[in-house]
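Subject: Structure handover

Hi,

Here is the structure I promised you. My notes on its side-chain pairings follow below.

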Amino acid sequence: QVQLVESGGGLVQAGGSLRLSCAASGRTSSSYAMGWFRQAPGKEREFVAALSWGGGFTYYADSVKGRFTISRDNDKNTVYLQMNSLKPEDTAIYYCVTPREGARSGNLYSRGTYGYWGLGTQVTVSS
């Protein structure tokens with residue numbers, strides 16, 4: 001069973017930075033796509049960033065492009081989300097995601113592509 005555990009959330013002032021981590025276990029391969037979604041109070045869960053299968057490509061929501069960076073360390077089975085120039089509207093619970101075992105393709109912007117979700121980590125940005 002694949003498990004994802006996020007960490008690194010917290011309270012930060014606008015303009016500050018945070019780095020989220022997602023430790024993955026139970027995977028048969030480190031080449032699976034990985035991503036981050038977020039959900040703010042009263043809003044739908046939305047795509048933030050993703051790494052393609054094989055890790056060769058990155059994808060970002062327009063709202064975070066240029067401020068957030070997704071990366072992975074295969075030796076540690078960990079995916080990171082470096083968040084800079086944070087804004088109050090970035091306040092949300094951030095979820096780490098990855099496709100089901102055996103999945104080899106999919107729309108990385110879509111929630112339906114991801115079969116495994118972490119429990120989330122809270123990020124709060126004060127103005």
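R67 counts as buried, at 10% relative accessibility. This is a predicted model. The partner of R67 is D90, and the two side chains meet in a salt bridge at 2.8 Å, N to O. R67 sits in the loop between β6 (58-60) and β7 (68-73), and D90 in the loop between β8 (78-83) and β9, so the bridge ties together parts that are 23 residues apart in sequence. D90 is buried as well, because its relative accessibility is 1% and the cut-off for buried is under 20%. The pair also belongs to a network of salt bridges that links R38, E46, R67 and D90.

The count for the model is five salt bridges. One of them joins E101 to R27, with the closest N and O atoms 2.2 Å apart. E101 is in the loop between β9 and β10, while R27 is in the loop between β3 (18-25) and β4, so this bridge ties together parts 74 residues apart in sequence. E101 is partly exposed, with a relative accessible area of 31%. R27 has a further role in the picture: R27 lies over the face of Y32, at 3.7 Å from the ring centre.

K65 and D62 form another salt bridge, and their closest N and O atoms are 3.1 Å apart. D62 counts as exposed, at 66% relative accessibility.

Now a charge without a bridge. E6, in strand β1 (residues 3-7), is buried yet has no salt bridge. How far away is the nearest side chain of opposite charge? That side chain is R45, at 8.1 Å. A salt bridge needs the nitrogen within 4 Å of a carboxyl oxygen, so R45 does not qualify as a partner. What does the side chain of E6 reach instead? One target is the backbone nitrogen of C96, at 2.8 Å. Another is the backbone nitrogen of G120, at 2.9 Å. Leaving out residues up to four places away in sequence, E6 touches a list of residues including S21, C22, W36, Y94, Y95 and L119.

R45 turns up again at a ring. The charged end of R45 sits over the ring of Y95, 3.9 Å from its centre.

Next, the aromatics. The count comes to six aromatic pairs. F37 and Y114 form an edge-to-face pair, with 5.5 Å centre to centre and 75° between the planes. F37 lies in strand β4 (residues 34-39) and Y114 in the loop between β9 (92-98) and β10 (116-117), so the pair ties together parts that are 77 residues apart in sequence. F37 is buried, at 1% relative accessibility. Y114 is buried too, with a relative accessible area of 4%.

F37 also pairs with W117. This pair is tilted, at 5.2 Å centre to centre and 55° between the planes. Again distant parts of the chain are linked: F37 is in strand β4 and W117 in strand β10, 80 residues apart. Is W117 buried or partly exposed? W117 counts as partly exposed, at 27% relative accessibility.

Both pairs feed into one aromatic cluster, formed by F37, F47, Y59, Y95, Y109, Y114 and W117. Y95 is worth a look on screen: Y95 is in that cluster, has the charged end of R45 over its ring and is touched by E6.

Best wishes

Terms used: Residues are numbered from 1 along each chain as its sequence is written. This is a predicted model: local features need pLDDT of at least 70, side-chain atom pairs count only at pLDDT 80 or more; totals for chains, interfaces and linings use all residues. Side-chain values use heavy atoms; hydrogens and water are left out. Rings of Phe, Tyr and Trp (its six-membered ring) pair if their centres lie within 6.5 Å; planes under 30 degrees apart count as stacked, over 60 as edge-to-face and the rest as tilted. Helices (H or I, at least four residues) and strands (E, at least two) are DSSP runs, numbered from the N terminus. Buried means under 20% relative accessible area, exposed over 50%, partly exposed in between (1.4 Å probe, protein chains only). A charge sits over a ring if NZ of Lys or CZ of Arg is within 6 Å of the ring centre and within 35 degrees of the ring normal. Lys and Arg count as positive and Asp and Glu as negative; His and the chain ends are not counted. A polar contact is a pair of N or O atoms within 3.5 Å; within protein, one must be able to donate a hydrogen and the other to accept it, and residues adjacent in sequence count only if both atoms are side-chain atoms. Contact means heavy atoms within 4.5 Å.
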